[in-house]
Amino acid sequence: NTREQYLLLKLYRTALQTEIIEKVNAVKEIITGNPTAIKLVINQYRASSQGTSYLVATLKPLVQELLNDPDLDLNTDPKAVYKRWIAQQESETGIVISLPREVSREEALKHENVRISVDKTVTRLIKICESFLTSILNNISLLPFGLRSICGALREDLTAKFPMASEDEITKVLGNVLYYRYINPAIIAPEAFGVIESSSSTQLTPVQRRNLASIAKLLQFAAAGQRFEYTGGDDLNALNQFLSTSWDKLK
């Protein structure tokens, strides 16, 4: 009932405040560690009907659309694309191509067909992630009230204990709690969190699972304010531009 929910939320609030005061020595420890209070809050509200409703409303249409596309492959690794390109050429011509099978990322990108394929896939991945991000932000009001309340308390407690911490540092912690701990697992394994129905006839293929992992990873980087280390190539430029724009939206 409502009173029980209120008392439980108050308990979580007190536990979180105590843990931060007594055990947290730096803002990033909320991310690198696994505070008990945060773990309890996430487990509680993700399992609640309201928590599941948010995940379903936010993720189900997008996840289902991906699963309905049997040809979708969001692998942007140039080395993997290079191997797939060689295999496709050999399959179509019946001739073994005299190219090395194992090459570096840079070597793979020297081939125009590989560059074109990677760029197309990156563009598709970014477009899909933009849809996920828009849905996540548009449905914030559907998040369980207790989870939103705890995140507000987390911001207050960290700001009080670490007054010199930047706004970005605090925001990264909130992104870790809301996205990485709460939403991310439901993207990677939607059948395990009620986002899609789980049955023997709807088992995800390895490619579908990898597609979801690619989306989850890019959104995780966005929520954490991270960037890919640039090692050459327009693909990383485009991904980092998306991450920068997304971070601004999340702040």
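What follows is a walk through some salt bridges and one polar contact in this structure. Keep in mind that the model is predicted.

Let's start with the overall tally: searching the whole structure turns up twelve salt bridges. Three of them get a closer look here, and then we'll turn to a serine.

Begin with R13, whose side chain meets that of D157 in a salt bridge, at 2.8 Å from N to O. What makes this pair worth finding on the model is how it links distant parts of the chain: R13 sits in helix 1 (residues 2-23), D157 belongs to helix 8 (residues 145-161), and the two are 144 residues apart. Check the burial of each partner while you're there. R13 is partly exposed, with a relative accessible area of 23%. D157, on the other hand, comes in at 7%, and because buried means under 20%, D157 counts as buried. R13 and D157 don't stand alone, either: salt bridges with shared partners join R13, E156 and D157 into one network.

Next, move along to D168, which forms a salt bridge with K251; here the closest N and O atoms are 3.8 Å apart. D168 is in helix 9 (residues 167-188), while K251 is in the segment after helix 11 (234-250), so this pair ties together parts that lie 83 residues apart in sequence. As for accessibility, D168 is partly exposed, at a relative accessible area of 31%.

Now for R209 and E191, another salt-bridged pair, with 2.9 Å between the closest N and O atoms. R209 is found in helix 10 (residues 206-223) and E191 in the loop between helix 9 and helix 10, so the bridge ties together parts 18 residues apart in sequence. Are these two buried or partly exposed? R209 is partly exposed, with a relative accessible area of 29%, and E191 is partly exposed too, at 24%.

Finally, leave the salt bridges and look at S48. You'll find this serine in the loop between helix 3 (36-46) and helix 4 (49-67). Its relative accessibility is 18%, and because the cut-off for buried is under 20%, S48 counts as buried. So what does the side chain of S48 reach? The answer is the backbone nitrogen of G51, at 3.0 Å.

How values were computed: Residues numbered from 1 in each chain as written. Predicted model: local features only at pLDDT ≥ 70, side-chain atom pairs only at ≥ 80, totals over all residues. Heavy atoms only, no water. Salt bridge = Lys/Arg side-chain N within 4 Å of Asp/Glu carboxyl O. Helix = DSSP H or I, 4+ residues; strand = E, 2+ residues; numbered from the N terminus. Buried < 20%, exposed > 50% of the residue type's maximum accessible area, 1.4 Å probe, protein only. Polar contact = N/O pair within 3.5 Å; in protein donor to acceptor, adjacent residues only side chain to side chain.
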